[in-house]
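Q: I'm new to reading protein structures and would like a close look at one part of this one. Could you walk me through its biggest opening, and then what sits around it?

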Amino acid sequence: MASHLTEAVGRLTQPLVAVLGPLAVCALVFAGLAWLAKGPRALADARAAAGETKINAAMVAVDALAVGPLLAIGMAAVVGGLTTYGLQLDTARLWAWLGRWPTVAVAVVLGDFFGYWRHRAQHSRWLWPAHAVHHSDTRLTWFSLERMHPIDRAGSLLDMVLLSALGLPVWALAANALVRHYYGYFVHADLPWTLGKAGWVINSPVMHRWHHARDVEGSGHNFATVFSVWDRAFGTYYQPGPCAVPLGVREDMGDGALGQYAHPLKVWARALLRPRRVELSS
Ligand SMILES: [Zn+2]
Ligand SMILES: [Zn+2]
């Protein structure tokens, strides 16, 4: 009986154990980069971010144990549906002709283009309450990428659905997801780097920090994850210099991770249930 229970607990917690290894490596890498960039101040900054980091860690656990597996099933069903109902472009010969790495490059460039517009939509009135969860971290670190409401995370899969509809192979979709995920950690990192001339083409930690600004106009800019060219092309690029303004959102997000999960549901419920004023004509 006890061995069955141990086995069941082991199986249930397997996804969590699987994410802990890569997260530990990332924690070491970004701690090293922060020390290189800021010296001992990196330690003080990490201590100041401890409260926000705890909320992010709780959300990682929920994602690994519940949200991630559910979204993976949903994604497989959608991609399977596209194939079954012939909703994918027949581009297999194009990818075979291009070869593996150019195909991955196409997936990453197009994926970031789709991601740019999807992210702009997440800042619209009705989608913002869920996206506000990601923005509510007042001490942005690489780990802040993990702070995402399940509804917001589900919406982010739209990029993959569009890439799949274009007929890109599953391995190219997987490579794009990896690039976006790890580059996403980098642009959220607490590093004062603009990347110099490379910043004309690719996104930098300073550029994305402005996107998380609480009060200033920078918060309505810098939507892409990997390439800064999309923001330059569509007039949303903003990087006046190093970003030292307050980060976060103006909304009250409630307490801890539970408050974060409940926040958009409360906002939407309030908006839908608000009594409408009826104009009576005489
Ligand atoms: Zn945003
Ligand atoms: Zn962000």
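How many residues line the largest pocket, and which of them lie nearest its centre?

A: A quick note before we start: this is a predicted model, where local features need pLDDT of at least 70, side-chain atom pairs count only at 80 or more, and totals for chains, interfaces and linings use all residues. Residues are numbered from 1 along each chain as written, chains are lettered from A and ligands numbered from 1 in the order written, and side-chain values use heavy atoms, without hydrogens or water.

Now your question. The largest pocket has 46 lining residues, and Leu-71, Arg-153, Leu-157, Ala-177 and His-181 lie nearest its centre. Seven helices each give two or more residues to that lining: H1 (2-38), H3 (50-84), H5 (100-122), H6, H7 (150-156), H8 (158-165) and H9 (170-188). H9 gives the most, with 13 residues. (Helices are DSSP runs, H or I, of at least four residues, numbered from the N terminus. A pocket is an open set of points on a 1 Å grid over the protein atoms alone, where a 1.4 Å probe fits, with protein on both sides within 12 Å along at least five of seven lines; lining residues have an atom within 4 Å of a point.)

The space inside the largest pocket comes to about 1400 Å³, a volume being what probe spheres set on the joined grid points fill. As for what its walls are made of, 26 of the lining residues are nonpolar, 13 polar and 7 charged. (Asp, Glu, Lys and Arg count as charged; Ala, Val, Leu, Ile, Met, Phe, Trp, Tyr, Cys and Pro as nonpolar; the others, Gly among them, as polar.)

Two of the helices in that lining, H5 and H8, are also joined by a salt bridge. Asp-159 pairs with Arg-118, and their closest N and O atoms are 2.8 Å apart. Asp-159 belongs to H8 and Arg-118 to H5, so this pair ties together parts that are 41 residues apart in sequence. Both Asp-159 and Arg-118 are buried. (A salt bridge has a side-chain nitrogen of Lys or Arg within 4 Å of a carboxyl oxygen of Asp or Glu. Buried means under 20% relative accessible area, exposed over 50%, partly exposed in between, with a 1.4 Å probe and protein chains only.)

H6 takes us to the metal. The zinc ion (ligand 1) has five protein donors, each through its NE2 atom: His-119, His-123, His-131, His-135 and His-211, at 2.1 to 2.2 Å. (Donors are N, O or S atoms within 2.8 Å of the metal, or 3.2 Å for Na, K and Ca; water isn't included, so sites may look incomplete.) Along the chain, these donor residues follow the spacing H-x3-H-x7-H-x3-H-x75-H. His-135 sits in H6 (residues 128-135) and His-211 in H10 (residues 205-211), so the two tie together parts that are 76 residues apart in sequence. His-135 and His-211 are both buried. There is also a second zinc ion (ligand 2), 5.6 Å from the zinc ion (ligand 1).

H10 leads us on to another pocket. The second largest one has a volume of about 770 Å³ and 33 lining residues, with Lys-38, Asp-45, Leu-140, Thr-141 and Asp-190 nearest its centre. The helices giving two or more residues to this lining are H1, H2 (41-48), H3 and H10. H1 supplies the largest share, 7 residues. Its walls divide into 24 nonpolar, 3 polar and 6 charged residues.

Look again at two of those central names. Lys-38 and Asp-190 meet in a salt bridge, 3.0 Å from N to O. Lys-38 is in H1 while Asp-190 is in the loop between H9 and H10, so here the parts tied together are 152 residues apart in sequence. Lys-38 is buried at 12% relative accessible area, but Asp-190 is partly exposed at 25%. The two also belong to a network of salt bridges that links Lys-38, Arg-41, Asp-45, Asp-190 and Arg-209.

The structure's salt bridges number 12 in total. One more joins Asp-215 and Arg-214, 2.7 Å from N to O. Asp-215 is partly exposed at 39%, and Arg-214 is partly exposed too, at 33%.
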